[in-house]
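I opened this notebook to work through one fold step by step. I begin with the sheet, then turn to the helices, the ring pairs and a few polar side chains.

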Amino acid sequence: MRNSRLPVPTEAQEQITLINWAELQSGKYPELKLLYHVPNGGSRSKAEAGRLRAEGVKAGVPDLCLPVPRGKYHGLYIELKRQRGGRASDNQVEWLDALSKQGYQVALCRGWEAAAETILKYLQGGKEHG
C-alpha cells in the first residue's frame, strides 16, 4: 500500500513515466512505438493559444493515443490523471464519449500504472476495461 503522506506525482510526471515504460516494453509490444501524446494542455500566452486554436487544437482531446486496432476498436485513447486529485473536465468527458461512439476504446486512468495496465489489456485482445 502506498504511503498517503508521500507527494502525489504530477500528471506530467505520470505521463513521462508511462512513456518511459512504453519504450521499455516496445521490444515485446512493438505497437507501443506508436503511442503518442496530444499536447493540448499547458500554460500559453493568449496569442499562442489563439494561434494553436486556429491550427486545430481543441480543448478536451485525450492525453494519449495508441493508433493500433484491436478487436472491434480502431485504437485506444487515454485521459491520464494523477493518482489522487484532478478530475476530467466536461470537455474531456465529451471527447471520450464521442471517441467511444466512433469505435475507439477510451479510458480515464489515474496514474501511469493504471494506464499501463489498460494498454496491456488492450494490446492483448481489445477487451473493454476503461
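Before looking at the sheet I noted that two strands pair if DSSP finds at least two bridges between them, and that helices (H or I, at least four residues) and strands (E, at least two) are DSSP runs, numbered from the N terminus. This is a predicted model, in which local features need pLDDT of at least 70 and side-chain atom pairs count only at pLDDT 80 or more, while totals for chains, interfaces and linings use all residues. Residues are numbered from 1 along each chain as its sequence is written, and side-chain values use heavy atoms, with hydrogens and water left out.

**Entry 1, the sheet.** I looked up the strand order and found that 4 strands form an open sheet in the order 1-2-3-4, with mixed pairing. Strand 1 (36-37) and strand 4 stand at the edges with a single partner strand each, so one side of each is left without a neighbour in the sheet. Strand 2 and strand 3 run antiparallel and are joined by 3 bridges, and I saw that leucine 64 stands opposite isoleucine 78 in strand 3.

**Entry 2, helices on the sheet.** For the next step I took contact to mean heavy atoms within 4.5 Å, and axes to be lines fitted to C-alpha atoms, for helices over the stretch in contact, with angles from 0 to 180 degrees between N-to-C directions. Helix 1 (residues 11-25) lies across strand 1, strand 2 and strand 3, and runs at about 140 degrees to strand 3. Helix 3 lies across strand 3 and strand 4, and its angle to strand 4 is about 145 degrees.

**Entry 3, aromatic pairs.** Rings of Phe, Tyr and Trp (its six-membered ring) pair if their centres lie within 6.5 Å; planes under 30 degrees apart count as stacked, over 60 as edge-to-face and the rest as tilted. How many aromatic pairs does the structure hold? I found 2 aromatic pairs. The ring centres of tyrosine 73 and tyrosine 122 are 6.4 Å apart and the planes stand at 45 degrees, so this pair is tilted. The pair links distant parts of the chain, 49 residues apart, with tyrosine 73 in the loop between strand 2 (64-66) and strand 3 (76-81) and tyrosine 122 in helix 4 (residues 112-123). I then checked accessibility (buried means under 20% relative accessible area, exposed over 50%, partly exposed in between, with a 1.4 Å probe and protein chains only). Tyrosine 73 is buried at 8%, and tyrosine 122 is buried at 0%.

The rings of tyrosine 77 and tyrosine 104 have centres 5.3 Å apart and planes at 75 degrees, so that pair is edge-to-face. Tyrosine 77 is buried at 14%, whereas tyrosine 104 is partly exposed at 25%.

**Entry 4, glutamate 79 and glutamine 92.** Is glutamate 79 in strand 3 buried or exposed? At 1% relative accessibility, glutamate 79 counts as buried. A polar contact (a pair of N or O atoms within 3.5 Å; within protein, one must be able to donate a hydrogen and the other to accept it, and residues adjacent in sequence count only if both atoms are side-chain atoms) of 3.0 Å joins the side chains of glutamate 79 and glutamine 92. Another, of 3.4 Å, joins the side chains of glutamate 79 and lysine 81. Glutamine 92 lies in helix 3 and is buried at 13%, and its side chain reaches the backbone nitrogen of serine 89 at 2.8 Å.
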